[in-house]
Structure formats: C-alpha cells, structure tokens
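Got the viewer open? Switch to a cartoon view and keep the selection box handy.

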Amino acid sequence: MCGSVALKIGADIAYVKNYKTNIDVSPVIENNRTYVPVRFLTEGFGGQVKWDDNKKAVRIIYGGKEIKMTVGEDWFWVNNEKVIFDAAPIIKDSRTMVPVTAFCNAVGLNICWDERGLVIITQPDVTLTK
C-alpha cells in the first residue's frame with residue numbers, strides 16, 4: 001500500500017491519499033517543533049492507535065512496529081527499544097499531538113515541508129516531485 005498524508009500548519013483540512021478531509025485539530029508549531037495529531041496520521045496510513053487515559057500513553061501498531069509513547073516524555077519505545085527524541089508528545093484540544101519528525105523516524109515514514117507551510121508525509125515507496 002502506498003500513500004501520503006498532507007497537512008498544513010494551522011489548517012483544519014488535510015489530504016489522505018489525495019482525498020480532502022477535515023481534521024479536528026490542526027498541526028501546530030511549538031518550541032520550533034511541528035506537532036501533528038497522532039491518531040489522524042497513524043490511521044491515515046492504515047495503522048492502529050490505542051489510548052491509555054490513566055497513563056496518558058499512546059500505543060501505535062504500524063508497519064510491523066509497535067510504538068509506545070507517553071505525553072510529556074521525550075522518548076518512545078519502538079519494538080521494546082528505547083529511542084530518545086528532542087521533543088515530547090503534548091495534548092492540544094483533547095488530542096495527542098506528536099512531534100512529526102520523531103514520529104516519522106520511529107515508524108519509518110518520510111517527511112518533507114514546502115514553502116506554503118505544508119507537511120507532507122509519505123511511505124518509503126512514494127517519491128515526491130515538484
């Protein structure tokens with residue numbers, strides 16, 4: 001399965017596999033990091049997300065990987081291996097937002113930004129052209 005998700009900072013519209021869709025919490029920039037809603041992004045690529053409200057933790061199953069992350073902690077578990085990043089997941093408008101670069105590195109997705117403020121995430125087998 002190949003695909004892409006395109007989001008714009010501050011916009012409530014996104015594209016999943018070239019289909020326009022509404023998004024209830026738009027991507028934001030905080031502390032020089034771009035944050036995106038983890039459920040929207042993961043499910044956009046066919047992955048699964050489980051939320052543990054007591055622990056404020058997210059469990060993601062995608063592409064043969066299991067990723068566990070907790071709001072406020074700057075490290076993830078990727079297939080039981082601890083990976084440290086420079087930013088932690090946050091909650092915005094009751095949604096868990098993840099630093100997009102850290103998330104993409106953890107699950108093996110490609111990411112690029114363009115001059116219009118778009119964040120474009122693709123699977124490794126998708127090539128972007130301008």
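Here is a walk along one sheet, strand by strand.

This is a predicted model, in which local features need pLDDT of at least 70, side-chain atom pairs count only at pLDDT 80 or more, and totals for chains, interfaces and linings use all residues. Numbering starts from 1 along each chain as its sequence is written, and side-chain values use heavy atoms, leaving out hydrogens and water.

Begin with the open sheet of 5 strands, antiparallel in its pairing and ordered S3-S2-S1-S14-S13. Strands here are DSSP runs (E, at least two residues; helices are H or I, at least four), numbered from the N terminus, and two of them pair if DSSP finds at least two bridges between them. At the edges sit S3 (19-22) and S13 (110-113), each pairing on one side only.

Next, select 13-16, strand S2. Ala14 and Val16 point to one face and are buried, whereas Ile13 and Tyr15 point to the other and are not; buried means under 20% relative accessible area, exposed over 50%, partly exposed in between (1.4 Å probe, protein chains only). Tyr15 is the bridge partner of Ala6, and Ile13 stands opposite Asn22 in S3. Click on Lys17 too: this residue, in the turn of the S2–S3 hairpin, has a positive phi of about 50°.

Now jump to S13, which 4 bridges join to S14 (residues 118-122). Look for Ile111 opposite Ile121.

Last stop: Gln123, in the segment after S14. Gln123 is buried, with a relative accessible area of 6%. Show its side chain with that of Tyr62: the two make a polar contact at 2.9 Å (N or O atoms within 3.5 Å; within protein, one able to donate a hydrogen and the other to accept it, with residues adjacent in sequence counting only if both atoms are side-chain atoms).
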